[in-house]
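Biologist: Could you take one part of this model and go through it slowly with me? I'd like to know how it sits among its neighbours, and then how the rest is held together.

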Amino acid sequence: MDREHPTPPREDAPPTLAGPMHLVVDGIEGTVARVELPDGTTADWDLASLPRGVREGDVVRLHVEHGDLEIEIDHAETARRRGEAQAQLDALNQATPGGEIDL
């Protein structure tokens, strides 16, 4: 693509999402992955439709532009969210006399 003269989108091109969308893999059972969608609902997806090597807790980034789907594990976002969850758990555990919460 020419940086000074970008190609304008074709009028018949499919719409482009405003930005990337993130999903969280809540669970994997057999060939099915339960994913949490951005609106908080969950859906069962075929595991083969997700990136190879995806694990429970991974954040998956979807980006559609002019009909082309890009899907990948967002390792940085996964690490950020895991760190945030661990910090919350550590804070809860510090507030208990035994050092860990009992369920």
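Modeller: Let me fix some words before we dive in: a residue is buried when its relative accessible area is under 20%, exposed when it is over 50%, and partly exposed in between. Bear in mind that this is a predicted model.

First, the overall layout. The protein has one helix and five strands, and from the N terminus the order is β-β-β-β-β-α. It has 103 residues, and 19% of them count as buried. Among contacts with a separation of 6 or more, 35% are between residues 24 or more positions apart.

The part I'd pick is Arg 61, which lies in strand β4, residues 59–65. Is Arg 61 buried or exposed? At 18% relative accessibility it falls under the 20% cut-off, so it counts as buried. Its strand is in a similar position: five of the seven residues of β4 are buried, so the rest of the structure largely encloses it.

What does Arg 61 touch, then? Leaving out residues up to four places away in sequence, the list is Pro 20, Met 21, His 22, Glu 70, Ile 71, Glu 72 and Asp 74. The strand pairing helps to place several of these. On one pairing, β4 runs antiparallel to β1 (residues 21–29), with four bridges joining them, and His 22 stands opposite Arg 61. On another, β4 and β5 pair in the antiparallel sense over six bridges, and here Glu 72 of β5 is the residue opposite Arg 61. The connection from β4 to β5 is a hairpin with two residues between the strands, and His 66, in the turn, has a positive phi of about 55°.

Glu 70 deserves its own mention, since its side chain makes a polar contact of 2.8 Å with the side chain of Arg 61. As background, side chains in a regular strand alternate between the two faces of the sheet.

Now to the helix, where β4 turns up again. Helix α1 covers residues 75–94, and its 20 residues reach 28 Å from first C-alpha to last, close to the 28 Å expected at 1.5 Å a residue. Its buried residues are Glu 77, Thr 78 and Asn 93. Down the axis of α1 these fall within an arc of 145°, so they line one face of the helix. The cover over the buried residues of α1 includes β4 and β5, while Ala 76 and Gln 94, on the other side, are exposed.

Glu 77 is worth staying with. It counts as buried, at 16% relative accessibility, and it has two arginine partners. Its salt bridge with Arg 80 has closest N and O atoms 2.7 Å apart, and the one with Arg 81 also comes to 2.7 Å. Arg 80 is three residues from Glu 77 in α1, about one turn of the helix; Arg 81 is four residues from Glu 77, again about one turn. Unlike buried Glu 77, Arg 80 is partly exposed, with a relative accessible area of 44%, and Arg 81 is partly exposed at 34%. Add Glu 84 and you have a network of salt bridges linking Glu 77, Arg 80, Arg 81 and Glu 84.

In total the structure holds seven salt bridges. One of them, away from the helix, is formed by Arg 34 and Asp 44, whose closest N and O atoms are 2.9 Å apart. Arg 34 belongs to strand β2 (residues 32–36) and Asp 44 to strand β3 (residues 42–46), so this pair ties together parts that are 10 residues apart in sequence. And here the opening definition pays off: with a relative accessible area of 39%, Arg 34 is partly exposed, because that value lies between the 20% and 50% cut-offs. Asp 44 counts as partly exposed too, at 48% relative accessibility.

Notes: Residues numbered from 1 in each chain as written. Predicted model: local features only at pLDDT ≥ 70, side-chain atom pairs only at ≥ 80, totals over all residues. Heavy atoms only, no water. Buried < 20%, exposed > 50% of the residue type's maximum accessible area, 1.4 Å probe, protein only. Polar contact = N/O pair within 3.5 Å; in protein donor to acceptor, adjacent residues only side chain to side chain. Contact = heavy atoms within 4.5 Å. Expected span 1.5 Å × (residues − 1). Arc of directions from axis to C-beta. Salt bridge = Lys/Arg side-chain N within 4 Å of Asp/Glu carboxyl O. Pairing = 2+ DSSP bridges.
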